[in-house]
Amino acid sequence: MSNMPKILDDLVTANHVLAKHNVVDSFGHVSIRHPENPEHYLLSRARAPACVDQGDIMEFALDSKVVGHNQAPGKPYSERFIHGAIYAARPDVMAVVHNHSPNVVPFTVVKSRRFGAIMHMAAPIGCCVPNWDIATKFGDRTNLLVTSNDMGRDLAATLGNNSAALMRGHGAVVVGKTLREVVFLSIYMELNAEMLIKAQAMGEVTFLSEGEVEANARGRAGFTLERGWENFCREVGRPYYPLAMEMGPGFSKTDPTQ
Ligand SMILES: [Zn+2]
């Protein structure tokens, strides 16, 4: 039997979880690459994430044209090009979040402030998250929204091989190999930003080193993600469908039975 109903249900859950954790509000969105067609992706119609249900999910080609528009439930997000361009540029990416994460946005506009991981849970965002400025290529008359494939490709180029990129005066994108991973990282990126603002108010900050980022990222696998996801599902009253609990190669094995 196809897993699609559960996969779509998890995408609905991801919308609700990101809203619950203040990563998105009435705006912002989360998508997955289509599990049966890597040239397509799945994303809600333009609706506040906390309100999204399965009937809102639309299918797009990587140029962000609606596929099967006769069945389309409504207007798509104007910034869907973010998702299509990143899936086209990054074959390894299976899920994308775009948000206006409130504690992250200040780091997109203060030139002298570096944004990177200061706590281990946020390690995969990296030591120094790149910052995309729409004005560099598209001038100072845009409304800052990513509303074309050209803009999406320019943002994807700044993202490069990173897990996240800032968007000046706007927000951020976060990518992952799974939906759970991108939700987990988006939540911890927002928390990391809040902690970083507090830490900088107290004094000089020590960021995670490249080696620490790498070691943490290697340990980030099923066991860690399932622990988070099960709890996230409970918080928003959504069903939890367990996935494999494998540990990453960098996971700290302290259990003597292993
Ligand atoms: Zn936006």
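Trainee: What covers the buried residues of α8?

Mentor: The cover includes α1 and α6 (179–202). Keep in mind that this is a predicted model.

Trainee: Okay, and which residues of α8 are the buried ones?

Mentor: Leu225, Trp229 and Phe232. The cut-off for that word is 20 or more other C-beta atoms within 10 Å.

Trainee: What makes you put those three on the same side of α8?

Mentor: Leu225, Trp229 and Phe232 are the buried residues in α8. They cover an arc of only 60° around the axis, so they sit on the same side of α8. On the other side you'll find Arg227, Asn231 and Arg234, which are exposed.

Trainee: How do you know that the length of α8 is close to what is expected?

Mentor: Compare two numbers. Helix α8 runs over residues 222–235, so 14 residues, and the rule takes 1.5 Å times one less than that number. The expected span is 20 Å, and the first C-alpha to the last spans 19 Å, which is close. Just after α8 comes Gly237, with a positive phi of about 65°.

Trainee: Now the helix pairs. Why is α6 called roughly perpendicular to α8?

Mentor: The axes of α6 and α8 cross at roughly 75° and come within 10 Å. The label covers 65 to 115 degrees, so α6 is roughly perpendicular to α8. The contact is made by Arg180, Glu181, Val183 and Phe184 of α6 with Leu225, Gly228, Trp229 and Phe232 of α8.

Trainee: And α1 with α6, why is that pair called roughly parallel?

Mentor: Their axes cross at roughly 0° and come within 11 Å. Angles under 35 degrees count as roughly parallel, so α1 gets that label against α6. Asp10, Leu11, Ala14, Val17 and Leu18 from α1 meet Leu179, Val183 and Ser186 from α6.

Trainee: Val183 turns up twice there. What makes Val183 count as buried?

Mentor: Val183 has 27 C-beta neighbours inside 10 Å, and the cut-off is 20, so Val183 counts as buried. This residue is in helix α6. Not counting residues up to four places away in sequence, Val183 touches Ala14, Val17, Leu18 and Phe232. Leu243 is 60 residues away from Val183 in sequence and 15 Å away in space, C-alpha to C-alpha.

Trainee: Which residues touch the most other members of the largest nonpolar core?

Mentor: Ile86, Leu155, Ala165 and Val173, in a core of 67 residues. Helix α6 gives the most to this core, with 10 residues. Take Val173: beyond four places in sequence, its contacts include Ile82, Ile86, Leu155, Leu159 and Ala165.

Trainee: What makes you say the buried residues of α5 line one face of the helix?

Mentor: Helix α5 spans residues 149–159, and its buried residues are Met151, Gly152, Leu155, Ala156 and Leu159. Looking down the axis of α5, they fall within an arc of 135°, so they line one face. What they pack against is α2 (81–89), β6 (131–132), α4 (134–138), β7 (164–167) and β8 (171–176). Gly160, just after α5, takes a positive phi of about 55°.

Trainee: Speaking of positive phi, what makes Asn22 and Ser64 worth a look?

Mentor: Most residues other than glycine have a negative phi. Asn22 has a positive phi of about 60° and is not a glycine; Ser64, also not a glycine, has a positive phi of about 70°. Asn22 is in the loop between α1 (4–20) and β1 (29–33), and Ser64 is in the loop between β3 (57–61) and β4 (66–67).

Trainee: Are those two buried or exposed, or partly exposed?

Mentor: Asn22 has 15 other C-beta atoms within 10 Å; exposed would need 12 or fewer and buried 20 or more, so Asn22 is partly exposed. Ser64 has 22 C-beta neighbours inside 10 Å, which passes the cut-off of 20, so Ser64 counts as buried.

Trainee: Last one: how do you know that Tyr41 is buried?

Mentor: Tyr41 has 27 C-beta neighbours inside 10 Å against a cut-off of 20, so Tyr41 counts as buried. Tyr41 is in strand β2 (residues 40–44). Beyond four places in sequence, its contacts include Ile32, Phe60, His83 and Tyr87. Met94 is 53 residues from Tyr41 in sequence, with 8.9 Å between their C-alpha atoms.

Methods:
Residues are numbered from 1 along each chain as its sequence is written. This is a predicted model: local features need pLDDT of at least 70, side-chain atom pairs count only at pLDDT 80 or more; totals for chains, interfaces and linings use all residues. Helices (H or I, at least four residues) and strands (E, at least two) are DSSP runs, numbered from the N terminus. The arc is that of the directions from the helix axis to the C-beta atoms. Two residues are in contact if their C-beta atoms, placed from the backbone, lie within 7 Å. A nonpolar core is a set of buried Ala, Val, Leu, Ile, Met, Phe, Trp, Tyr and Cys residues joined through C-beta atoms within 7 Å. Axes are lines fitted to C-alpha atoms, for helices over the stretch in contact, and angles run from 0 to 180 degrees between N-to-C directions. Angles under 35 degrees count as roughly parallel, over 145 as roughly antiparallel, 65 to 115 as roughly perpendicular and the rest as oblique.
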